[in-house]
Number of protein chains: 2
Amino acid sequence: MSKNAKIREEARAITARPPAVILCEPQLGENIGTAARAMANFGLVDLRIVNPRDGWPSEKARAAASRADHVIDRVQVFETTEAAIADLNFVYATTARSREVPKPVRGPDEAAIKAVELGERQHGVGYLFGRERWGLNNEEVALADEIVTLPVDPDFASLNIAQAVLVCAYEWRNTASRGELPFLLSEEEHPPASKDDILRMFEHLERSLDDVSFFRPPERRPHMVRNLRNIFQKAELSQQEVRTLRGVIAALERRETRPRKSRDSDETET
Amino acid sequence: MSKNAKIREEARAITARPPAVILCEPQLGENIGTAARAMANFGLVDLRIVNPRDGWPSEKARAAASRADHVIDRVQVFETTEAAIADLNFVYATTARSREVPKPVRGPDEAAIKAVELGERQHGVGYLFGRERWGLNNEEVALADEIVTLPVDPDFASLNIAQAVLVCAYEWRNTASRGELPFLLSEEEHPPASKDDILRMFEHLERSLDDVSFFRPPERRPHMVRNLRNIFQKAELSQQEVRTLRGVIAALERRETRPRKSRDSDETET
């Protein structure tokens, strides 16, 4: 996908320390790579791996990461989960099934709120993710402060590791950036029409329709005018769109586009 | 991952009509399959494909869908995007870059709110997703009512199609189910301790510490007691955990666990 030429600076302004992602004994390099890519999409960089089955470094992981090299290059590998989380302050265990442990269970949205709060204070937060086949074991869940699970369809609950990482990373960034998007509808380029512009357009349309006796019977005119105006009110028209519509009305009247002081050529632009 | 034995019925209670996912000219069967799996995770079933490069059906798609056969089996293939959305009422275009079109731009969370509102009225909602390489073209974006973009890191904005589908599907389900998770901390199995239980535990601990002259100098006792109590208050102890801790205190006192009427064996369970 091409570069976005107009990135809003608000979308870059994140002050919270991003959480670490800890993959416990992942089997496939591809999954490590796609998890790294998902992290990079949402601004996470600290990936830790406990005992990767196929060793490390992994060319398959790098290929699957689709240029998230800044995450792959700084991966840390550990022999135990204890060592992988030693420098952190708060750890979530992600799991797809109920565990008989007395820990709070959060959705990724609620978990992100706490992760961002702690990250704003520069505390180290981590999310533990389990093996492809059976997730985290009970000893690993016991290392965590709280549990995160996703609001999946209970009848199709099995998520790929990278998908679970993606949702947690997405919620983290959405919370940390307060929902700021990389781009928005540009109000500079599409300034909204003033009410005066819109009323003059309505009057123009209604005069034209009067000329062709559109409003029949005449006593229905007020009702029909209201309905027509409501249609265009809903469209939240821009200045340019009002000009375009006035050009359309003029063209349908088979009148010449009326000469104006400026922006004359805009009249029929669509 | 093993089946979850204790699924909460609340997590199944969704009344909104789920949105359709429309993939425009996807190139790789794998991406169609992983998109289908992501949909199934969050309860979406209506997958439509416009001109898949490698044709349909696709064994690669079925394999990548990891048993989301109910989605793969009902895939509809169309020759044009117009035909693919003809029966829908409201369509989002997903895009990773700013488009010079005067349409509202939403995050997946805000988009989900409207999609669920419309789905509750059984309106047909769709999300358009573009090609692997360059996304949707401008004619496809023009077919949509609004634009959805993800709150990605602007410097690493390129998402795999299935990842974009996943986040939109996740937000849809999280909104439609009002955040209901498949399981929660079971209050039945871990009923919280009463304040009386906790106060008696505190008094037990403080008596034991008095016996070993822990509180020194004596005038510091009230302050030290408050600090100790605060530590255990934060843990939001269950009845069982209070029993366990009283067993621990008794053991450290090197006293016999005091006989009680019932649940005697619970005293030292950890």
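## Report on chain A and its backbone features

Gln122(A) sits in the loop that runs between helix H5 (108-120) and strand S6 (125-129) of chain A. The model is a predicted one. The phi angle of Gln122(A) is near 65°, a positive value in a residue other than glycine. With a relative accessible area of 44%, Gln122(A) is partly exposed.

Arg178(A) also has a positive phi, about 50°, although it is not a glycine. This arginine belongs to the loop between helix H7 (161-176) and H8 of chain A. Arg178(A) counts as exposed, because its relative accessibility is 65% and the exposed class begins over 50%.

Helix H8 (residues 195-211) of chain A contains Glu206(A). The relative accessible area of Glu206(A) is 5%, and buried means under 20%, so Glu206(A) is buried. Leaving aside residues up to four places away in sequence, Glu206(A) touches Phe215(A), Arg221(A), Val225(A) and Arg229(A).

The three residues discussed above are set out here by place and accessibility.

| Residue | Place in chain A | Relative accessible area |
|---|---|---|
| Gln122(A) | loop between H5 (108-120) and S6 (125-129) | 44%, partly exposed |
| Arg178(A) | loop between H7 (161-176) and H8 | 65%, exposed |
| Glu206(A) | helix H8 (residues 195-211) | 5%, buried |

Cis peptide bonds are the next topic. In chain A, Trp56(A) and Pro57(A) are joined by a cis peptide bond with omega of about 5°. Pro57(A) lies in the loop between strand S2 (47-50) and helix H2 (59-64). In chain B, the peptide bond from Trp56(B) to Pro57(B) is cis, with omega near 5°, and Pro57(B) is found in the loop between strand S2 (47-50) and helix H2 (59-64) of that chain.

As a whole, chain A has 10 helices and seven strands. Its radius of gyration is 29 Å, well over the 18 Å that the globule rule gives for 270 residues, so chain A is more spread out than a compact globule. The C-alpha atoms of chain A fill a box of roughly 85 × 35 × 35 Å along the principal axes.

Of the 270 residues of chain A, 49% count as buried. Among contacts in chain A with a separation of 6 or more, 80% are between residues 24 or more positions apart. The accessible surface of chain A is about 13,700 Å², and carbon and sulfur atoms contribute 50% of it. Chain A carries 39 positive and 44 negative side chains, with the centres of the two sets 5 Å apart.

An unreviewed UniProt entry places the feature "domain: tRNA/rRNA methyltransferase SpoU type" at residues 20-170 of chain A. Over residues 20-170, the chain is 37% helix and 18% strand, and the end C-alpha atoms lie 14 Å apart.

Note on methods
Residues numbered from 1 in each chain as written. Chains lettered and ligands numbered in written order. Predicted model: local features only at pLDDT ≥ 70, side-chain atom pairs only at ≥ 80, totals over all residues. Heavy atoms only, no water. UniProt positions renumbered as here; feature names shortened; annotations may be inferred. Helix = DSSP H or I, 4+ residues; strand = E, 2+ residues; numbered from the N terminus. Rg over C-alpha atoms; globule rule 2.2 N^0.38 Å. Buried < 20%, exposed > 50% of the residue type's maximum accessible area, 1.4 Å probe, protein only. Contact = heavy atoms within 4.5 Å. Areas by Shrake-Rupley, 256 points an atom, 1.4 Å probe, with all protein chains shown as cover. Lys, Arg positive; Asp, Glu negative; His and termini not counted. Charge placed at Lys NZ, Arg CZ, Asp CG, Glu CD.
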